[in-house]
Structure formats: structure tokens, C-alpha cells
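Q: I am new to this structure. Please take me through a single part of it, in short steps.

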Amino acid sequence: MGKKRRPQTTKAGPRVTSAEIPVVGAREPCPCGSGRRYKACHGREAAHAVTELVQRPFEGLPGECDWVALRELVPAATVELNLVEGLPEDVPSVTLATVLPMAWPALRRDTGAVLLGLQNDTASGDISRDLADTLQRALTAEPGTPVAAERVAGEGPRLQDLLDPKGGFSPTLHDGFEFWLEDATSATGEVAASLERANAAAIPTARLTSVEAAYWCRTPEKNHLRWVMSHPEEQLLDALARLHAAGASSLGEGTRLVGSFRAHGLTVPVWDLPGAMGAEETEKPAEAFAERLAEALTSDAPLTAEQRRARGGLTNRQVTLS
């Protein structure tokens, strides 16, 4: 279940617009007249506004839970994106990809099509704003060129401003990264070798169809189900504790709820599954669990002592990814 940890705050702080930030050097006197250097005065506030972490950067987008999964859990997937103002005439498509070759933030193909990478490190604390900036630059980049990362102004648009809220979000999962190339079968030399290395490192993953944003994956030791849920964290943990104390938190024989991730403001319960339990065999148990969870979420009764112990165990096994 281990993943690298990232700093987290509870909410975004105030943002400073470009009109409020004087164009001065960090070591120059602050224009406010305080007598201090800019970096120690208003420059500190400006830098804080840029780096403050937005807890739920994908909130308000169609498929928020799947955005989180593709950002943190899924190795190889693509999604066709729809822009609220439509595509420019010379851009036939815009595709979100979990990762791009050389960890490029974006790529403009020779055909003019745009690929936007999701799993890159970002320059500010707002992933949505950083991705929106990269997307806008990719739309006007020269065909056949990658798009480099840049620091984003605090007042720029976010994905929520650029993407059509009615466009939907339907991920396509891939066994490997052939989608990097327009014709992967013709790859030779170092390109073919790089593609082979990337494919070898990808964990087999499938998205369940019976429930939303639940991803089965196979590892050498065992299989897992990682299910991104949008319920408020405290309410969800209470519901999971009720089910766990009642012996109803598993997905069948040989499975167990082992903990959860916390990622981009959402909670991701994780189950261990037997090696023989594939994605298809997980569908019906997951659907049945969703029904039990929905019922448990309706309860507002105080937790019993046994349920509190179960909740404590779940909380102790929670890992923060973002």
C-alpha cells in the first residue's frame, strides 16, 4: 500500500492577483514602504499564495474520483477531454494520459493532437491550475514538440474553467504505453527499448464496471482493489467501521479491508484479494459491498466500543498520498 507522502493542508489560503504583486526583485526594497526587502515582506505573502495546497484540486470536474485514481494509482490510461469552448481548428483531439515519455507535462503530436500528462510534479499547490496552464500552452505549441513545465501565475484558469462539465470522463486503461506513439509497431532502437522498459514496470490494472472508480490490480504477492470514494471522510470511516465490526467489510472469502489511502481530499479504501481473484470475479462482491456501505452511511447512531476500535484500526492504517 506504500506510496510517497506529500504535504497536505486543510484548505487553500488567500490568493494574490498579479495586479497586487509589484514587479521587483526579491532583494529590493518592498514598494509598500516598510523598509524591508520584498522577499521578507509582501513577497512572502505572494509566494505563500502560489504554493498553498488546494486539498481537492479535481473537485467540480466530471469523474473527480477517477481523476484521483489516474493521478495516483493507475499506471497506463487515457481519457478524451472536451473543452468548454471546443477544440481549435488545428487541434483534432485533446487526450489526458497518466504519464508521457520523458515525464513531459504535455506533447503536441505531428498531427496537432494534444496529449496532457497527469502524473507529473507540479510547480504550485494547485494541480488543476498547473494542468490548465500546460494544456493552454500545448494547444498553441508547434506540432511535433513537447511542452515544458513552467511556474503558473496564481490568477490563471483552472481545469474547471477549460473543460466542458457535461463532457463526461471515461478512462480507457491500457496494458502498456503504446499510446505514446501513433504507430507503436514501427518503434525501433532506443524508442522500442524505452517502451519495453515502461511496459515491464506497469502493474496490470482494470477498472470495475459494476461500481464507480474502483480499480483492481495484480501484484506478484497478491491482488488488490483500490476504490476511490467521494463520501466525506469522517462519515465514510464511521460506515466502514460499522461494517468491519459486523464482519461485513470484506469482499468474500480470502479478502480483507486492510486500510485506506487519502489522496487529493478523497478517501481510497484498499482490499487485499487472493491471487486467483481477477477483476471479473471482483465485480459482484464489490457491487454487494456498495449496497452494504450505502446502508451503513445512513446511520448516525454513536459508534459502539467495538466499532470505535475498528475505526481506530482503519485510521492507523491510513496513508496520505497527497
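A: What follows is a close look at strand 10 and its surroundings.

This is a predicted model, in which local features need pLDDT of at least 70, side-chain atom pairs count only at pLDDT 80 or more, and totals for chains, interfaces and linings use all residues. Residues are numbered from 1 along each chain as its sequence is written, and side-chain values use heavy atoms, with hydrogens and water left out.

Start with the names. Helices (H or I, at least four residues) and strands (E, at least two) are DSSP runs, numbered from the N terminus.

Strand 10 covers residues 256–263. Six of its eight residues are buried, so the strand is mostly covered. Buried means under 20% relative accessible area, exposed means over 50%, and partly exposed lies in between (1.4 Å probe, protein chains only).

Now the partners. Two strands pair if DSSP finds at least two bridges between them. Strand 10 pairs with strand 11 (residues 266–273). The sense is antiparallel, and there are seven bridges. A263 faces L266 of strand 11 across this pairing. The two strands form a hairpin with two residues between them. In that hairpin, H264 has a positive phi near 50°.

Strand 12 (residues 318–320) is another partner of strand 10. Here the strands run parallel, joined by three bridges. R262 stands opposite T320 of strand 12.

A general point about strands helps here. In a regular strand, side chains alternate between the two faces of the sheet.

Next comes helix 6, residues 233–245. Its 13 residues reach 18 Å from the first C-alpha to the last. That is close to the 18 Å expected at 1.5 Å a residue. The expected span is 1.5 Å times one less than the number of residues.

Which residues of helix 6 are buried? They are L236, L237, A239, L240, A241, R242 and L243. Strand 10 is among the elements that cover them. The cover also includes strand 11, strand 12, helix 7 (279–297) and helix 8 (305–316). Contact here means heavy atoms within 4.5 Å.

Just after helix 6, G247 takes a positive phi of about 70°.

To sum up, strand 10 pairs with strand 11 in the antiparallel sense and with strand 12 in the parallel sense. Strand 10 also helps to cover the buried residues of helix 6.
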